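This report looks at two places in one structure. Please have the sequence and the model at hand while reading.

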Amino acid sequence: MLAASSEITSAKPFGRHVAGQELVAWRTPDGELRVGPGACPHLGAPLCDAAVDSGALVCRWHGLSLGDKPTAGWKRYPAHDDGVLAWVRLDHVGGEVPLAEPVLPERPPRAEAISAVATVLGRCEPEDVVFNRLDPWHGAWFHPYSFAELRVLDAGEEEFLVEVTFRLAKNVGVPVLARFSCPEPRTVVMHIVEGEGVGSVVETHATPIAPGRTAVIEATIAHSPRPGFAYARRVAGAVRPAMRWAAKRLWRDDIAYAERRFALRKDGRWPG
Ligand code: FES
Ligand SMILES: [Fe+2]
């Protein structure tokens, strides 16, 4: 998983490292996602500083144009935009079997949902992020400002069910039933299966940036059958920053948990 779809535009290239590979992403004039190596094949200029012209990158150093035509020493990677998140497939890293498209969990229909994506960087590895997310018992202890009365109802091999009250204010909370699952090794998904916001999904993607560095890219795709939600959808631009803020607040704590676990593992002090 590379980034939020909305972070990549046709106005300006977007740069990010994934698994130690420098990447550049941009869009064609009709909005198609493009991702390629981040260093210019001529003399190595950073392509995140290139200009985008008619869907091609134009290198700042000597003007080489890199687009859909193959260029010696530089080739685009397969990329996928699911409307909320932008993906890149790096077949030469990770040793995983390439799929035609990423494995996506069930999401509410786009026309009836509000989505927001928050990114947090941490000094840890994806497995530390996934471990934190799959430890449901920490919620009420570690995030008392957000969760109360948490009960793990059913912890199976593939998924677990949690009953929890989301705190909206000091004495106001909404009880929900949430199902956690792992559709692929670096993703944990929470579906609200009962209660307020039923059908909403939170997808947590842990993207390896470099050894000991991970980006947590979390998409919240909120849905509610309540009439007020239709209004909230119309003002989604105003609601999104609040959603991002809520996710980031939780992740400031959660990243501390993941970083602590990584530090212990690195020093051989992890008990497990
Ligand atoms: S380094 Fe990009 S054109 Fe020379
Ligand atoms: Fe947490």
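## The iron site

In this predicted model, the iron ion (ligand 2) has protein donors from His 138 (NE2), His 143 (NE2) and Asp 254, which appears twice through OD atoms. These donors lie 2.1 to 2.4 Å from the iron ion. Along the chain, the donors follow the spacing H-x4-H-x110-D. Distant parts of the chain are linked here: His 138 belongs to helix 2 (residues 138–142) and Asp 254 to helix 4 (residues 236–266), with their positions 116 residues apart in the numbering.

The angles among the 4 donor atoms run from 57 to 142°, and the site is irregular. For comparison, ideal angles for four tetrahedral donors are 109.5 degrees.

## Burial of the iron donors

His 138 has a relative accessible area of 12%, so this residue is buried. Asp 254 also counts as buried, because its relative accessibility is 3%. The cut-off for buried is under 20% relative accessible area.

## His 205 and its surroundings

His 205 sits in strand 15, which covers residues 201–210. With a relative accessible area of 1%, His 205 is buried.

Which side chains make polar contacts with the side chain of His 205? One is that of Thr 187, at 3.0 Å. Another is that of Glu 203, at 3.0 Å. Beyond its neighbours within four places in sequence, His 205 is in contact with Met 1, Leu 85, Trp 87, Arg 186, Thr 187, Ala 215, Val 216 and Ile 217. Thr 187 thus appears both in this list and as a polar partner of His 205.

How values were computed. Residues numbered from 1 in each chain as written. Chains lettered and ligands numbered in written order. Predicted model: local features only at pLDDT ≥ 70, side-chain atom pairs only at ≥ 80, totals over all residues. Heavy atoms only, no water. Helix = DSSP H or I, 4+ residues; strand = E, 2+ residues; numbered from the N terminus. Buried < 20%, exposed > 50% of the residue type's maximum accessible area, 1.4 Å probe, protein only. Polar contact = N/O pair within 3.5 Å; in protein donor to acceptor, adjacent residues only side chain to side chain. Contact = heavy atoms within 4.5 Å. Donors = N, O, S within 2.8 Å, 3.2 Å for Na, K, Ca; no water. Tetrahedral: all angles 85-135°; square planar, octahedral: opposite > 155°, others 65-115°.
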